[in-house]
Amino acid sequence: MKHFVIVSILVLIVTLLLILGLNAMELTPQLASEEGALVDQMFQWQVYVISFIFALIMVIVLYSVVVFRRKPGETGDGAYVKGNTPLEIAWTLVPLVVVMGFGVMGAVQLSDMTAMEADELVVEVTGFQFGWRFDYPDYDVASPNLYLPRGRPVRFKLTSTDVIHSFWVPEFRIKQDAVPGMWTTLRVTPSELGVFRIRCAEICGYAHSAMYADVVVVEPSDFEAWLAGQEVEAMAPEELTPIELGAKLAEEQGCLSCHALDGSTLVGASWLGLFGSERQLEDGSVIVADEGYLRNSILDPESQVVAGFPKVMPPAYTMLSEADVEAIVEYIKTLSE
Ligand code: CUA
């Protein structure tokens, strides 16, 4: 009985210390969505249960090692213990109730988080190797970064053009796969202003770890202003000069996920100062990056690979129209150092 009381007190103390310690470690990033509050609630309950189970096992093990160790000169056998029915019933029922409790809690919260809401903003998310594209079908707007108004429920429709990706914003706490050939759904209500990172949470190829985009959460009025600006930009292609069209395509088609405009090397070469520069190809030959080379690199990216770069440019751009390819080349030509 004495041992039982001491162990109980020790378990209680260690549990409390573990809860305090784990909470102080800030295991999750900033919380920025209403749905995420439910996830964090659940996570907090897990921290309580995990701390208790860890304390229960470790305290009993260490207490036994110290207090019940064999004394010098002690050579007899230990007491013969055969079963303990109440204890066995308890250690079967208690975990069962705890696990079922978490199951019910999770199911209730999941149905809350995924429930349809009035006034949803629909955003189509397309993942591709290696970037994201966001379409706002109600407004005829497309963007390489995601803009969202704070406080309005958003329904994401996700898909992919090539392999399976996974749309993940840690600050929103939730993620969903983007699967080629189908739409998946994810609902989020952003609750905090700020710029957060969208990551890909599914190994999808060479530049998986660089498959980023930003989600910018703004006040609803600023969101309206952003949309209005985008709609002007969404003018018909024939109203734009080739250079303007090229700049727009570069964003919309995701070129800029892999090609920087500031001279830094992402997955592919930077476009700054590219036109007219000398490029050494894989086979050792040196060519000048003229219009023909740029066209060819868009339409048949594996035919002239520059030494040191991986062959990862998607073939999807062969679907661009002749005018679009020309526009992108014209745009690259303007990016001289
Ligand atoms: Cu896309 Cu990993």
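**Stop 1: two cysteines**

Select Cys258. This residue counts as buried, because its relative accessibility is 13%, and the cut-off for buried is under 20%. Keep in mind that you are looking at a predicted model.

Now add Cys255. Is Cys255 buried or exposed? Cys255 counts as buried, at 11% relative accessibility.

Show both sulfur atoms. Why is there no bond from Cys255 to Cys258? The sulfur of Cys255 is 8.9 Å from that of Cys258, so the two are too far apart for a bond. A disulfide needs the sulfur atoms within 2.5 Å. Cys258 has no closer partner either: its nearest cysteine sulfur is that of Cys255. Look through the whole structure and you will find zero disulfides.

**Stop 2: the cavity**

Stay with α6, residues 255-258. This helix gives two or more residues to the lining of the largest cavity. So do α7 (291-299) and α8 (322-333). Select them together.

Which element gives the largest share of this lining? That is α7, with four residues.

How many cavities of 30 Å³ or more does the structure hold? A search of the whole structure finds one. The volume of the largest cavity is about 570 Å³.

To centre your view, select His259, Gly268, Ala269, Ser297 and Met313. Of the 32 lining residues, these lie nearest the centre of the largest cavity. Colour the lining by class: you should get 23 nonpolar, six polar and three charged residues.

**Stop 3: the largest pocket**

Next, select Ser143, Pro144, Asn145, Glu251 and Glu252. They are the closest to the centre of the largest pocket, which has 35 lining residues. The space in this pocket is about 830 Å³.

Which elements should you show around it? Pick β2, β3, β10 (213-218), α4 (220-233), α5 (242-252) and α6. Each supplies at least two lining residues. Highlight α5, which gives the most, with six residues.

Colour by class again. The lining of the largest pocket has 20 nonpolar, six polar and nine charged residues.

**Stop 4: the second largest pocket**

Move to α2 (34-67) and α3 (85-113). Both give two or more residues to the lining of the second largest pocket. Its volume is about 400 Å³.

Select Val49, Phe52, Ile53, Leu56, Leu87, Ala90, Trp91, Val94, Pro95, Val98 and Val99 to show the lining. Which helix gives the most? It is α3, with seven residues.

What does the class colouring show here? There are 11 nonpolar residues, no polar ones and no charged ones.

**Stop 5: the sheet**

Switch to a cartoon view. Find the five strands of the open sheet and follow their order: β3-β2-β1-β5-β8. Their pairing is mixed. The edges are β3 (141-143) and β8 (184-188), and each of them pairs on one side only. Look along the sheet to see its twist, which averages 25° from one strand to the next.

Strands of a sheet pair through backbone hydrogen bonds, either parallel or antiparallel. For an example, select β1 (residues 121-128) and β2 (residues 131-136). These two run antiparallel, and five bridges join them.

Zoom in on Gly127 for the last view. Which residue of β2 stands opposite Gly127? That residue is Trp132.

Conventions
Residues numbered from 1 in each chain as written. Predicted model: local features only at pLDDT ≥ 70, side-chain atom pairs only at ≥ 80, totals over all residues. Heavy atoms only, no water. Pairing = 2+ DSSP bridges. Axes fitted to C-alpha atoms, helices over the stretch in contact; angles between N-to-C directions. Buried < 20%, exposed > 50% of the residue type's maximum accessible area, 1.4 Å probe, protein only. 1 Å grid on protein atoms, 1.4 Å probe; cavity = no way out; pocket = protein on both sides within 12 Å on 5 of 7 lines; lining within 4 Å. Points joined across faces, edges and corners; volume = space filled by probe spheres on them. Nonpolar A, V, L, I, M, F, W, Y, C, P; charged D, E, K, R; others polar.
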